[in-house]
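Biologist: I keep tripping over the words people use for protein structures. Can we go through some of them, with the reasons behind each label?

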Amino acid sequence: VGREALRAIAAEGALRRLVALRIDGDTVPEYGAAVTADGRDVGFVRSPCQSPTFDMQVIAMATVDRALAQPGQRVDVALEGGTAAATVDVLPLYDPEKRRPRS
């Protein structure tokens with residue numbers, strides 16, 4: 001039961017993708033905060049923090065609609081009392097070419 005429905009889902013791919021966000025400002029959103037684009041819900045924040053690697057910039061992992069999972073895409077993240085603009089970036093944020101020396 002449900003085999004054909006699961007095959008259809010597998011053929012389409014996941015509806016949302018895990019991405020990194022670089023969030024403007026210095027307020028860290030809550031876990032589960034809504035990610036929106038043009039006023040519609042497109043995902044949610046999974047693990048927000050201020051990154052010491054990026055001079056305390058606010059970053060987060062988030063799941064967003066597949067169509068918006070492109071680096072450079074602008075979205076908004078819900079904060080207490082408003083929203084903050086954010087930019088979709090690639091994972092991992094810290095060293096995608098593995099150029100940094102390892103200790």
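Modeller: Sure, and keep in mind that this is a predicted model. Let's begin with a definition: a residue is buried under 20% relative accessible area, exposed over 50%, and partly exposed in between.

Biologist: Okay, what makes M61 partly exposed?

Modeller: M61 has a relative accessible area of 32%. Partly exposed lies between the cut-offs of 20% and 50%, so that label fits M61. You'll find M61 in strand β4, residues 57-65. Together with L18 and L91, M61 makes a nonpolar surface patch of about 240 Å².

Biologist: And why is E4 called exposed?

Modeller: E4 comes out at 54% relative accessibility. Exposed means over 50%, so E4 gets that label.

Biologist: How do you know that R7 and E4 form a salt bridge?

Modeller: The general idea is that side chains of opposite charge can pair when their charged atoms come close. For the label, a side-chain nitrogen of Lys or Arg has to be within 4 Å of a carboxyl oxygen of Asp or Glu. In R7 and E4 the closest N and O atoms are 3.0 Å apart, so the pair qualifies. Both sit in helix α1, residues 3-12, and because they are three residues apart, about one helical turn separates them.

Biologist: How many salt bridges are there in the whole structure?

Modeller: Five turn up in a search of the whole structure. Another one of them joins R74 and D24, with the closest N and O atoms 3.0 Å apart. That pair links distant parts of the chain, 50 residues apart: R74 is in strand β5, while D24 is in the loop between β1 and β2.

Biologist: Are R74 and D24 buried or exposed, or what would you call them?

Modeller: Partly exposed, for both: R74 has a relative accessible area of 42%, and D24 has 38%. Those values lie between 20% and 50%, so the label follows.

Biologist: What makes D65 and R40 a salt bridge?

Modeller: Their N to O distance is 3.6 Å. The cut-off is 4 Å, so this pair counts too. D65 lies in strand β4 and R40 in strand β3, so the bridge ties together parts 25 residues apart in sequence. R16 also joins in: R16, R40 and D65 are linked in a network of salt bridges.

Biologist: How do you know that β5 and β6 pair?

Modeller: Pairing takes at least two bridges between the strands. β5 and β6 have six, in the antiparallel sense, so they pair. For example, R74 stands opposite T87 in β6. The two strands form a hairpin with two residues between them, and G81 in the turn has a positive phi of about 85 degrees.

Biologist: What about β2 and β5?

Modeller: They have two bridges, again in the antiparallel sense, and since at least two are needed, they pair as well. Here V35 stands opposite V77 in β5.

Biologist: Which residues have the most contacts inside the largest nonpolar core?

Modeller: L21, I23, V35 and V77, in a core of 20 residues. The largest share, four residues, comes from β4. V35 touches residues including L21, F44, V64 and V77.

Biologist: And which residues of β5 are on its covered face?

Modeller: V75, V77 and L79, whereas R74, D76 and A78 make up the uncovered face.

Conventions:
Residues are numbered from 1 along each chain as its sequence is written. This is a predicted model: local features need pLDDT of at least 70, side-chain atom pairs count only at pLDDT 80 or more; totals for chains, interfaces and linings use all residues. Side-chain values use heavy atoms; hydrogens and water are left out. Patches are made of residues with over 30% relative accessible area and no salt bridge: like charges are joined within 9 Å, nonpolar side chains (Val, Leu, Ile, Met, Phe, Trp, Tyr) within 5 Å. Accessible areas come from the Shrake-Rupley method with a 1.4 Å probe; for residues, only the protein chains shown count as cover. Buried means under 20% relative accessible area, exposed over 50%, partly exposed in between (1.4 Å probe, protein chains only). A nonpolar core is a set of buried Ala, Val, Leu, Ile, Met, Phe, Trp, Tyr and Cys residues joined through side-chain atoms within 4.5 Å. Contact means heavy atoms within 4.5 Å. Lists of a residue's contacts leave out its neighbours within four places in sequence.
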